[in-house]
Amino acid sequence: MKSYSYNNDMEFLEMVDEYVTNDYVRRCLLGCLEWYMVMYHKYKFRYHVSSLLGLVLPPCVIVINGIQDFEGMHVFCKVAISVISAVAAIANGLGSLYKWHEKSVGYRSCIEQIKCEAVYYMAEIGNYDDPELRDSNFLEKIEDITTKENQGWSQLELKKQEEDVPPTEEEQEEKKPKKKKEEKHGRKEKNNARHDCCTGEEV
C-alpha cells in the first residue's frame, strides 16, 4: 500500500510532465524531483523499520524472560533473548549512525521547496512572470536549493566526524582544571550555606 506522500509526489510529477513546456527545464526538474523523492522514501522506510524494531523487540524480551522458567524453555529463551537484544541494539545503532531520520527530513524539505517554486513557475507568477527570464530564474533557484541542501549534509558529516574523534590529551588537560575549579566553587557555596544556617544570618 502506497503512502499519501508517495501518491502525492507521483501526481505532482505527472503535472510537471504535462504543464512544463520547455523540454530542458522539464527534464531537469523531473530528474531533480525524482532523485530527492527516491532518497526521501528510502530513508523514511529505513527509519520507520529501525524505530519499529527498537519499539517492539524490547517488550518481547520481557515476555520471553517471563516464560523461561517453564520446562524445556530455558535454553531456547536464553538464545532468543540474546538474539532479540542484539537485533534491537543494531537497529537503533544503525539509525543513529547513518542518521536516517535527519536525512529523510532534509530530503522532504528540499522536495517541498522545489515543488513550491515549480508551482510558481508553472503559474507564471512571482519571479517567473517575465517570459524571457522565467526559465533562467527557475533553474538558478533550483540550483540554489540543491546547493544549500548539499552544504547542509556536508556540515552534518563534519559534525559527525568531530563527535567521533576522541579528545586529545591537551583538551583533556584543559578540562580538568576547569572541573576542579567548579567543584571547589560548589564546595565553597555549600560551606557558606551551612554557615548561614548555623548563624541564622540571611544570605
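## Meet N137

Let's start with one residue: N137 sits in helix α5, which covers residues 134–164. Keep in mind that this is a predicted model, so everything below describes a prediction.

Is N137 buried, partly exposed or exposed? Its relative accessible area is 25%, and since buried means under 20% and exposed means over 50%, N137 counts as partly exposed.

Now for the company it keeps. Leaving aside residues up to four places away in sequence, N137 touches N127 and Y128. With N127 there is a closer detail to look at: a polar atom of the N137 side chain lies 3.1 Å from the backbone oxygen of N127. You can also find Y121, which is 16 residues away from N137 in sequence, with the two C-alpha atoms 9.2 Å apart in space.

## The whole protein

Step back and you'll see helices: the secondary structure comes to 6 helices and 0 strands. Following the sequence from start to end, the pattern reads α-α-α-α-α-α.

Of the 203 residues, 27% are buried. Among contacts with a separation of 6 or more, 68% are between residues 24 or more positions apart. As for the outside, the accessible surface is about 14,900 Å², and carbon and sulfur atoms account for 57% of that.

## A look at helix α1

Helix α1 runs over residues 4–19, so it has 16 residues; at 1.5 Å a residue it should span 22 Å, and its end C-alpha atoms are indeed 22 Å apart.

Which residues of α1 are buried? They are S5, D9, F12, L13 and V16. Looking down the helix axis, these buried residues fall within an arc of 105°, so they line one face of the helix. The face turned away from that buried side carries Y4, E11, E14 and E18, which are exposed. And what covers the buried residues? The cover includes α2 (23–67) and α4 (100–123).

## How far to trust it

The average pLDDT of the protein is 84, and 78% of the residues score at least 70. Where is confidence highest, and where is it lowest? Helix α4 has the highest, at 95, while helix α6 (residues 169–199) has the lowest, at a mean of 54.

Over residues 193–203, the pLDDT is below 50, and beyond near neighbours in sequence this stretch has 2 contacts in the model. Where pLDDT is low, the predicted coordinates should not be read in detail.

How values were computed
Residues are numbered from 1 along each chain as its sequence is written. This is a predicted model: local features need pLDDT of at least 70, side-chain atom pairs count only at pLDDT 80 or more; totals for chains, interfaces and linings use all residues. Side-chain values use heavy atoms; hydrogens and water are left out. Helices (H or I, at least four residues) and strands (E, at least two) are DSSP runs, numbered from the N terminus. The expected span of a helix is 1.5 Å times one less than its number of residues. Buried means under 20% relative accessible area, exposed over 50%, partly exposed in between (1.4 Å probe, protein chains only). The arc is that of the directions from the helix axis to the C-beta atoms. Contact means heavy atoms within 4.5 Å. pLDDT is the predictor's confidence in each residue, from 0 to 100. A polar contact is a pair of N or O atoms within 3.5 Å; within protein, one must be able to donate a hydrogen and the other to accept it, and residues adjacent in sequence count only if both atoms are side-chain atoms. Accessible areas come from the Shrake-Rupley method with a 1.4 Å probe; for residues, only the protein chains shown count as cover.
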